[in-house]
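Got your viewer open and a selection box ready? Load the model below and we'll walk through it stop by stop.

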Protein chains: 2
Amino acid sequence: MSNPDQLLKPLTNVDLMIEAHYIVPMSKTHRLLEDYTAIIDAGLIVELLPIAEARQKYTATLLVCLNEHALIPGLINLHSHAAMSLMRGIADDLPLMTWLEKHIWPTEQAVVSERYVKDASLLACAEMMSGGGTCFNDMYFYPQESAFAAKQAGMRANLGLVVLEFPTVYASDADDYLQKGFEAHDSWRGNPLITSSLAPHAPYTVSNQTFEKVITYAEQLSLGIHTHLHETRAEISQSETKYGLRPLQRLASFGLLGPNLVAAHCVHLQNQEMDMLAEYGCHIAHCPSSNLKLGSGIAPITALLAKNINVGLGTDGVASNNRMDMFTEMRLAALLAKGASEDATALPAYQALQMATINAAKAIGLEDKVGSIEVGKFADLAAVRLDDLMIAPCYDPISHLVYACGREHVTHTWVAGELRYCNGIYAGIEPRELKEIIDVWQPKLRQPN
Amino acid sequence: MSNPDQLLKPLTNVDLMIEAHYIVPMSKTHRLLEDYTAIIDAGLIVELLPIAEARQKYTATLLVCLNEHALIPGLINLHSHAAMSLMRGIADDLPLMTWLEKHIWPTEQAVVSERYVKDASLLACAEMMSGGGTCFNDMYFYPQESAFAAKQAGMRANLGLVVLEFPTVYASDADDYLQKGFEAHDSWRGNPLITSSLAPHAPYTVSNQTFEKVITYAEQLSLGIHTHLHETRAEISQSETKYGLRPLQRLASFGLLGPNLVAAHCVHLQNQEMDMLAEYGCHIAHCPSSNLKLGSGIAPITALLAKNINVGLGTDGVASNNRMDMFTEMRLAALLAKGASEDATALPAYQALQMATINAAKAIGLEDKVGSIEVGKFADLAAVRLDDLMIAPCYDPISHLVYACGREHVTHTWVAGELRYCNGIYAGIEPRELKEIIDVWQPKLRQPN
């Protein structure tokens, strides 16, 4: 400010400047920036500068000062069923097939409808955004309704066009699912926040013929593919009996493996299967809470990472979690990898943050748009308070974010530069609306039959 | 109220009535009481009655209405090093010996003092109470200072008279540790909230001769024994090399095993060792976060529970956690047992709550005083909000407490009927005091050498 030449330079006006004690860009160039400003205009990150420099160069319509916070890329939930939010804790501590056949599937048959999916997805968006979530990679019936909810919440979503073989309230057969999926895909075309993937549910619920159609459509429409894979041992042995192949081998036989595939879970993998996933550039959505809670097992994440396979994190549906909380998943992923491998250096805090941000963005083909705080990307951001005395002191903000903080420390969530959540308040959702959703649906879900 | 006879009965006045939507007594007789009142007088639970009946029988100096809450027994942290709170995240993602030798031990040598222990213990008490904690089973240097902190916070503590072979700032040799321990024990004698145990640190840091002394003193003074046991594989193989015995066999050879022993960790156990722990009635403090974070492994909790061994939960020191959060430990214990055993029915939510309450009370010999909400026990209680929309809906309060809630949902913590924490405010601690503790110690800990 003492240089008179500088005083003559006009300041550039931008929409938003966020001054933060720490910025954690998750870029290749910087691990941590201290006392930095993110300069944001038209939804995009324009520049990152030390606070003093930024003030000399820019003026902003809105200046947000986060003296005690870390600004991180918005968290990306790489495997969700948002509309299961209303089934939180509807059945716990049960074997997988009892849980599915006696509780989840009957409940779904009884209550799932367009209205249900919109309402439940809105509740899920509210939960995710309050925990710093800005994007989710979803799979459920009536995806156009999840799109409505995401649009209302102002949240980014990559929505699966779900395909199953068997009839549900949503569709009658695989072709009908595909047809309804494409209608949904058309319904949100042009919306900057909503993208699509093809979502054949799982090898055990989708036929060879349908998988082949999915591959053709994915190529024609340049879409990613999102499926469940090797979640349980039972699924693998059933496949061996029915097809003479393990599910991954079977998918490979169609040519389904590739850099557009996001495989959720991958709990049980042979070494050669990991090599195959690496070779084809497939992505994995690791869901540690869900895998543990359903008794599926512990995914070999340390081995997958050692093979340079891209791994992101997902909450799965809330019925098997029972939170849509990426902070819980980050901490658990880091801890579980260390414990399972008996190596405290496995999956350090920074890598857990990568899995919840840039890795997930890569997996759904959005790495040029989101997943890190870099010039030219959308300002999908979350601010996390580090000064809560209950988690003090803080020596290393990266460690603190993963091991000490919880989602309750998130104060702000922006999507494309728009503040969508701040300290309990949403830009697009009234708390009363969420309360009404609970009041309407909870009695119906309690006794679905 | 319609019976005129009732109107004539005078109401009994008591100190405190807590009306709760749910009471989770953790007693043998009731799993869940709905719309119930806990009647409390002189620190003790006098009666549990339906709300309407309670109002007809009692009047209270203080009535607390918790319409959206579950009232649970105060949580008991069965293995802590409270004074490590200021070392939260000082070193992460490192192998155990590097972590201990390069970071924790040098830091301790540089900063630990009476003042350090009092300050750090107070911070830990604040953290634990804000998460519903009412009691901790601790082991650290200068236990009389932890007693001062617990007294100030108004928290119950079972403090270990720590014994090591090697010199530290606190004591010079095993006899000196014991001597200082007994002085500490005398310093809090008569305090209703503070009790003692003998705390030989671990088989690898305590000699045969010292263990034998510990056993003698434990018998003479009727004290429990608290030690680390079979935390790592390295500890076991070192013992085999040095003593020709695994640590548990070695302890058994002195007669250390018994119903007054709390063994922390027990990550690596052979089947016959589990049988031995069962036979002698030993208690285990399971510390899932710490065991994972240090890469120690996954304790065989499902097998231990199947043998009817009493298992409680602990956070361990915050340097290897990095939270003193019993909600995190409950959820993780339940999930990890299911995942490790590949059985979703393993360690259901109710059992996780038992481990954090009544089981821990049993382990430290306080089961007649605390650990459940039963007539005649102290009113050590926590209230947990179940109506947060971010974790709605709630179908089963027990599941909700373990799988969906976090410590951020704790609103009130009482110890012996005294409200010690409520919505961010402490009866005995000023937030300024905690801030000052951080400000004083954080710079010293950052560069200890």
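Here is a tour that starts with one chain, moves through its domains and strands, and ends where the two chains meet. One thing to keep in mind throughout: this is a predicted model.

**Stop 1: chain A on its own.** Hide everything else and show chain A as a cartoon. You should be able to pick out 17 helices and 16 strands. Along its principal axes, the C-alpha trace covers about 80 × 45 × 45 Å. What radius of gyration does chain A have, next to that of a compact globule with 449 residues? Chain A comes in at 22 Å, in agreement with the value near 22 Å for such a globule. Color by burial and 60% of the 449 residues of chain A count as buried. If you like contact maps, take the chain A contacts between residues at least 6 apart in sequence: 74% of them join residues at least 24 apart.

**Stop 2: the two domains.** Select 4-73 plus 371-426 of chain A and color that domain 1, then give 75-363 another color as domain 2; that's the domain assignment. Their C-alpha centres sit 30 Å apart. Now look at the border: 24 residues of domain 1 of chain A touch 29 residues of domain 2 of chain A. On the domain 1 side, the elements giving two or more residues are β13 (381-385), α16, β14 (410-415) and β15 (418-422) of chain A. Which of the elements gives the most to this side? Click on α16(A), which gives 5 residues. By type, the domain 1 side splits into 14 nonpolar, 5 polar and 5 charged residues.

**Stop 3: strand β1 of chain A.** Select residues 12-23 of chain A. Is this strand largely enclosed or not? Of its 12 residues, 9 are buried, so β1(A) is largely enclosed by the rest of the structure. Add β4(A), residues 58-73: β1(A) and β4(A) run parallel, paired over 10 bridges. Show A:Thr12 as sticks and you'll find it opposite A:Tyr58 of β4(A). Then add β2(A), residues 33-41, which pairs with β1(A) in the antiparallel sense over 7 bridges. There, A:Leu16 has A:Ile40 in β2(A) as its bridge partner.

**Stop 4: a whole sheet, in chain B.** Hop over to chain B and trace the open sheet of 8 strands, with mixed pairing, in the order β3-β2-β1-β4-β13-β14-β15-β16. Select 44-50 and 425-426 of chain B: these are β3 and β16, the edge strands, each with a single partner, so one side of each has no neighbour in the sheet. Zoom in on β3(B) and β2(B), residues 33-41, which pair antiparallel over 6 bridges. To see one of the pairs, select B:Thr37 and its bridge partner B:Leu49 in β3(B).

**Stop 5: both chains together.** Show A and B. A rotation of 180° with 0.0 Å of shift along its axis puts chain A on chain B, with an RMSD of 0.0 Å. That is a two-fold relation. To locate the axis, select A:Glu408: its C-alpha is 3.6 Å away, the closest of the chain A residues.

**Stop 6: the interface.** Select the contacts between the chains: 54 residues of chain A meet 54 of chain B. On the chain A side, elements giving two or more residues include α3 (96-111), α4 (114-130) and α13 (326-341). The largest share, 6 residues, comes from α17(A). Color this side by type and you get 28 nonpolar, 13 polar and 13 charged residues. Finally, 100% of the interface residues of chain A are also interface residues in chain B, so the copies meet through the same surface.

Notes. Residues numbered from 1 in each chain as written. Chains lettered and ligands numbered in written order. Predicted model: local features only at pLDDT ≥ 70, side-chain atom pairs only at ≥ 80, totals over all residues. Pairing = 2+ DSSP bridges. Helix = DSSP H or I, 4+ residues; strand = E, 2+ residues; numbered from the N terminus. Least-squares fit on C-alpha atoms with pLDDT ≥ 70 in both. Contact = placed C-beta atoms within 7 Å. Nonpolar A, V, L, I, M, F, W, Y, C, P; charged D, E, K, R; others polar. Domains from an automatic or database assignment. Rg over C-alpha atoms; globule rule 2.2 N^0.38 Å. Buried ≥ 20, exposed ≤ 12 C-beta atoms within 10 Å, placed from the backbone.
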